[in-house]
Amino acid sequence: MTSLPGHDADQIDFLLLPEFSVMGFASVLEPLRVANRFLGDRFPGAPYRWRILSVDGGPVLASNGMSINAEAAFDNVKQVDTLFIVAGFNPLTYYHPAIGVWLRKLDRAGGTLGAIDTGCFLLAEAGLLQQQKITLHWEAVASFKERYPSLSTTVTQELFENEQRRLTCAGGTAGIDMMLDWIARQHGAGLATAVSEQFVMSKIRQQSDHQRMQISARYGVHNLKTTQIIGLMEKNLEEPLSTDQLATSIGVTRRQLERLFSAHLHDTPTHFYLGLRLDQARQLLQQSEMGITAICVACGFESPSYFSRAYRSRFQRSPKQDRAARCKPEHTSGKPDAD
């Protein structure tokens with residue numbers, strides 16, 4: 001069968017990590033199953049084959065409590081055509097040096113390495129991401145950039161990135177879009193369209209489509225000036241802009257800006273902005289190993305005591321309690337392990 005330039009994708013392996021997303025996994029696997037159905041008359045056997053791997057060779061428990069049986073432990077596989085790391089919550093909890101050694105051996109042997117949802121954390125931890133464009137679930141982007149600052153400029157907001165020997169997607173249904181793009185490159189747009197129609201999709205999303213809904217859809221706001229301000233707030237969480245600066249940026253007075261937020265969001269600009277920063281702080285607390293003081297600074301709070309009070313008011317628990325409530329990932333160095 002034909003394939004992506006420079007790579008023969010005869011078999012696809014999936015390394016499932018505990019707490020992986022079933023949606024992310026199924027969204028990558030199911031397009032292959034449907035493509036096999038349509039290609040059955042043209043190719044003997046199944047054009048696409050797959051195998052499920054786990055850390056220990058046993059079943060893997062997904063984030064929704066479903067258990068998926070694996071066919072082998074990762075270290076029993078010495079070579080791959082294409083491997084997808086399928087992760088979800090707390091990906092580094094399940095990383096250890098042996099996985100990094102194995103991934104680097106696969107890479108040296110010419111395998112294509114992919115990551116679904118937060119699987120990029122393992123590729124980064126193993127030192128296998130350099131200047132390739134990558135993407136991951138939007139909720140994990142901040143913690144990824146904080147842990148791997150040298151890779152910050154390579155992270156995009158795309159649904160997927162099909163780079164040479166690196167395939168990444170944001171998880172959720174973005175896996176369907178990534179695989180439709182892959183299938184189209186291998187077998188033509190007609191097959192990709194036929195596969196998409198089996199999933200009752202009204203269109204095939206492009207790589208550049210947004211991971212998140214547009215601001216207007218997320219907040220139910222259709223006033224242009226208000227959505228512009230929200231966009232500015234989201235881009236300036238670490239160094240918050242003042243209300244006067246926000247008002248000046250769209251050519252209104254402070255009072256006019258306050259009226260816009262009151263009319264369209266039933267809130268004040270200051271309180272709304274505070275909520276965005278606290279939401280970001282909670283994501284970092286739950287998905288990174290950053291210290292609470294560092295998170296406080298990263299989300300634009302100069303006073304740790306004020307940060308703690310505001311956090312408790314919004315989430316009914318302190319930052320320390322929120323951090324303790326989650327399963328804290330193992331500490332790793334962030335540097336490749338010795339082979």
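Which element gives the most to the lining of the second largest pocket? The legend to Figure 2 answers this, after an overview of the predicted model.

**Figure 1. Overview of the predicted model.** The protein has 14 helices and nine strands. Of its 339 residues, 50% count as buried. About 16,000 Å² is exposed, and carbon and sulfur atoms supply 51% of that area. Among contacts with a separation of 6 or more, 66% come from residues 24 or more positions apart.

**Figure 2. The second largest pocket and its lining.** This pocket holds about 510 Å³ of space. It is lined by 24 residues, of which Gly 88, Phe 89, Asn 90, Gln 286 and Gln 287 are the closest to its centre. Two or more lining residues come from each of α4 (141-147) and α11 (269-287). The element that gives the most is α4, with three residues. By type, the lining divides into seven nonpolar, ten polar and seven charged residues.

**Figure 3. The largest nonpolar core.** The core has 36 residues. Phe 14, Leu 16, Phe 20, Phe 84 and Met 178 have the most contacts inside it. At least two residues of this core are supplied by each of β1 (11-16), α1 (22-39), β6 (82-86), β9 (166-169), α5 (174-187) and α6 (189-198). The largest share, eight residues, is that of α1. Another core, of 34 residues, lies apart from this one; Ala 126, Val 141, Tyr 148 and Leu 151 are among its members. In soluble globular proteins, nonpolar side chains tend to be buried together.

**Figure 4. Surroundings of Leu 16.** Residues up to four places away in sequence are not counted here. Beyond them, Leu 16 touches Phe 25, Ile 52, Leu 53, Ser 54, Val 60, Ile 68 and Val 86. Leu 16 is also one of the residues with the most contacts inside the largest nonpolar core.

**Figure 5. Asp 13, a buried residue of strand β1.** Asp 13 is found in strand β1. Asp 13 counts as buried because its relative accessible area is 1%, below the 20% limit. Leaving aside neighbours within four places in sequence, Asp 13 is in contact with Arg 51, Leu 53, Val 80, Thr 82, Leu 83 and Phe 84.

**Figure 6. Thr 227 in helix α8.** Helix α8 covers residues 224-235 and includes Thr 227. Thr 227 has 15% relative accessibility and therefore counts as buried. Not counting residues up to four places away in sequence, Thr 227 touches Ile 215, Ser 216 and Val 221. Ala 217 is ten residues from Thr 227 along the chain, and their C-alpha atoms are separated by 10.0 Å.

**Figure 7. Two loop residues with positive phi, Asp 117 and His 266.** Most residues other than glycine have a negative phi. Asp 117 is not a glycine, yet its phi is positive, at about 65 degrees. Asp 117 lies in the loop between β7 (112-116) and α3 (120-125). With 11% relative accessibility, Asp 117 counts as buried. His 266, also not a glycine, has a positive phi of about 50 degrees. The loop that holds His 266 runs between α10 (254-265) and α11. The relative accessible area of His 266 is 70%, so this residue is exposed.

Notes
Residues numbered from 1 in each chain as written. Predicted model: local features only at pLDDT ≥ 70, side-chain atom pairs only at ≥ 80, totals over all residues. Heavy atoms only, no water. 1 Å grid on protein atoms, 1.4 Å probe; cavity = no way out; pocket = protein on both sides within 12 Å on 5 of 7 lines; lining within 4 Å. Points joined across faces, edges and corners; volume = space filled by probe spheres on them. Helix = DSSP H or I, 4+ residues; strand = E, 2+ residues; numbered from the N terminus. Nonpolar A, V, L, I, M, F, W, Y, C, P; charged D, E, K, R; others polar. Buried < 20%, exposed > 50% of the residue type's maximum accessible area, 1.4 Å probe, protein only. Contact = heavy atoms within 4.5 Å. Areas by Shrake-Rupley, 256 points an atom, 1.4 Å probe, with all protein chains shown as cover. Core = buried A, V, L, I, M, F, W, Y, C linked by side-chain atoms within 4.5 Å.
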